[in-house]
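Reader: I am new to this one and would like a friendly walk through it. Could we look at it together, one question at a time?

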Amino acid sequence: MASKTPPKKPVYPKQEPPRRPKPARPVYPPGAGAQRAPRRPAEKRLIFDYDKEMARMAAHTQTGQTAAPFVNLAPPVPEDTPSVQNGLAAGAGRPERERREAPPGELFRAAPPQAGRKPAERPTASRRTEALPPLEIPRPAPPNRPPQGHTAPGGKRPPRPPQAGQRKKTKKRRPPKQPPRPLTPRELRRRRIRRAALAGLLAVILLGIGLWASAKVLFKISEIVVETPEGEVRYDTSQITAAFGHVQGENLFGFRGKETQQNIAAALPYLEDVRIRRQLPDTVIITVTPAVEASVVESALGWAVLSQSYKVLRLEAGPPEELVRINGVQAEAPAPGQPLKLTEEDKLPLLQTLLEKTAAQGLVPINEIDLSNTLEISFLYQGRIRIVLGTSNDLDYKLKWAWRMVTPGETSDSLNESDRGTLDVSARGEDGLGRARWRAGIL
């Protein structure tokens, strides 16, 4: 796994390290390469034979004569030759000590030939045939390292010596920290507000934790009170307390109010509404509202009796005559204490709207509602007049016009209390006003 390289720190213009100036390139004068002396030919070079020179010097030493500093075995070369003037090739084979001790005029001049001695032949190769001993290069001794897996006294490994060609690691210098910028009055004010808000939030959290801990330990249920402000209910206090599910001695905040209310309403169907309040330090108050039977709807299990909030109260084999009978719809798996569900879900909002608006308009009592066809909605009023509304469009206007027709004395064409038949208020005239059609004797 590749190691992650740390991000580079930004370098500000004031902290940028100075750059080293590059060395200037050398400038040569024109024609500098042409001033170099040409190489001498091979036949004009000075030849120095080490063996011959050493033998000659030894012979002179035995005879007591002073040896000439250098004997040139090659033919003489004129002094105006460029190589002689340069002075490099002529004295290349002369020993260093003799060249230092020789007079300046004889340093680069060849010795004169001796009398009675033949000029030496030019050797084709060196006469030295002895093999030189091999060159022994001393190797540095290995550093004293402890064996692998061991540490030096003190639990730390000794530092490794730097190896050849390895650069010593130097710690990068961090740029000096800049002093913080002084804050403006606006920034100081914001900082104070932020600190105060954080302190207040911390205090609220600590207070809440303290209250929760004290509530767990201190507040216990010692009394359960049942209130019925709207009259008597079918259940006594013991049944409601048993449906509550919490006994005395439990924690006052050990239950959820909304969830407990729903459980009580489901267990006791004839309770329309249930409210639970906590009264410190140790009392629970349960306020209940009785349910009233309002309508009945058919289902596969029988006729389901509904409350005003469309809650299933009980199941009956036949429809009770005193309740509003809803035709054209069917309840889906009704159960006491549960809300009503229809097989056709879009008809439930229409049913709720129709019952609410007829009660608000004063068209009560209603004996029957027919929702078989949503384009021909109708209901039976007082058991003697069937009012046809048509669609649900302009429902307020149609119900108001029907109320004026069935209420004696509202209009000149109002029906009497003994009339029986069908009143159709679904049509309108060319002027936009409602047109009522009355058919006597037909329901």
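Reader: In which sense do strand 4 and strand 5 pair?

Author: This is a predicted model, so everything here is read from predicted coordinates. Strand 4 covers residues 293-299 and strand 5 covers residues 302-307. Within this pair, Val297 stands opposite Ala304 in strand 5. The two strands are joined over 6 bridges, and the sense of their pairing is antiparallel.

Reader: What is the order of the strands in the open sheet of 9 strands?

Author: Strand 4 and strand 5 belong to this sheet, which has mixed pairing. In general, strands of a sheet pair through backbone hydrogen bonds, either parallel or antiparallel. Read across the open sheet, the order is 6-5-4-7-8-9-10-11-12.

Reader: Which strands stand at the edges of that sheet?

Author: An edge strand here has a single partner strand, so one of its sides is left without a neighbour in the sheet. Neighbouring strands of this sheet are turned by 25° against each other on average, direction ignored. The two at the edges are strand 6 (312-316) and strand 12 (434-440).

Reader: Which strand does helix 7 run at about 150° to?

Author: Helix 7, residues 347-361, lies across strand 7 (324-331), strand 8 (366-370), strand 9 (377-381) and strand 10 (385-390). Helix 8, residues 395-406, also lies across strands of this sheet, namely strand 9, strand 10, strand 11 (421-428) and strand 12. Helix 8 runs at about 140° to strand 11. For helix 7, the angle of about 150° is made with strand 8.

Reader: How do the buried residues of helix 7 fall when seen down its axis?

Author: The buried residues of helix 7 are Lys347, Leu348, Leu350, Leu351, Leu354, Leu355 and Thr358. An α-helix has 3.6 residues a turn, so residues three or four places apart point the same way. On the other side of helix 7, Glu356 and Ala360 are exposed. Seen down the axis, the buried residues line one face of the helix because they fall within an arc of 160°.

Reader: What do those buried residues of helix 7 pack against?

Author: Their partners include strands that helix 7 lies across, and a helix is on the list too. The full set is strand 7, strand 8, strand 9, strand 10 and helix 8.

Reader: How far does helix 7 reach from its first C-alpha to its last?

Author: Helix 7 has 15 residues, and at 1.5 Å a residue a span of 21 Å is expected. Just after it comes Gly362, with a positive phi near 95°. The reach of helix 7 is close to the expected span, at 21 Å.

Reader: How many bridges join strand 1 to strand 3?

Author: These strands belong to an open sheet of 3 strands with the order 1-3-2 and mixed pairing. Strand 1 (223-227) and strand 2 (271-279) have a single partner strand each, so they stand at the edges. Strand 1 and strand 3 (residues 283-290) run parallel, and Glu223 stands opposite Thr283 in strand 3. The number of bridges joining strand 1 to strand 3 is 5.

Reader: Which helix packs on this sheet of 3 strands?

Author: Neighbouring strands of the sheet are turned by 20° against each other on average, direction ignored. The helix that packs here touches strand 1, strand 2 and strand 3, and its direction makes about 120° with that of strand 1. It covers residues 237-244 and is helix 5.

Reader: Where is the cis peptide bond with omega near 10°?

Author: Another cis peptide bond, with omega about 0°, joins Val364 and Pro365, and Pro365 sits in the loop between helix 7 and strand 8. For the bond with omega near 10°, the proline is found in the loop between strand 2 and strand 3. That bond runs from Leu280 to Pro281.

Reader: Is Tyr310 buried or exposed?

Author: Tyr310 lies in the loop between strand 5 and strand 6 and has a positive phi of about 60° although it is not a glycine. Ala333, in the loop between strand 7 and helix 7, also has a positive phi, about 45°, but Ala333 counts as exposed at 64% relative accessibility. Buried means under 20% relative accessible area. Tyr310 has 10% relative accessibility, so it counts as buried.

Terms used
Residues numbered from 1 in each chain as written. Predicted model: local features only at pLDDT ≥ 70, side-chain atom pairs only at ≥ 80, totals over all residues. Heavy atoms only, no water. Pairing = 2+ DSSP bridges. Helix = DSSP H or I, 4+ residues; strand = E, 2+ residues; numbered from the N terminus. Axes fitted to C-alpha atoms, helices over the stretch in contact; angles between N-to-C directions. Contact = heavy atoms within 4.5 Å. Buried < 20%, exposed > 50% of the residue type's maximum accessible area, 1.4 Å probe, protein only. Expected span 1.5 Å × (residues − 1). Arc of directions from axis to C-beta.
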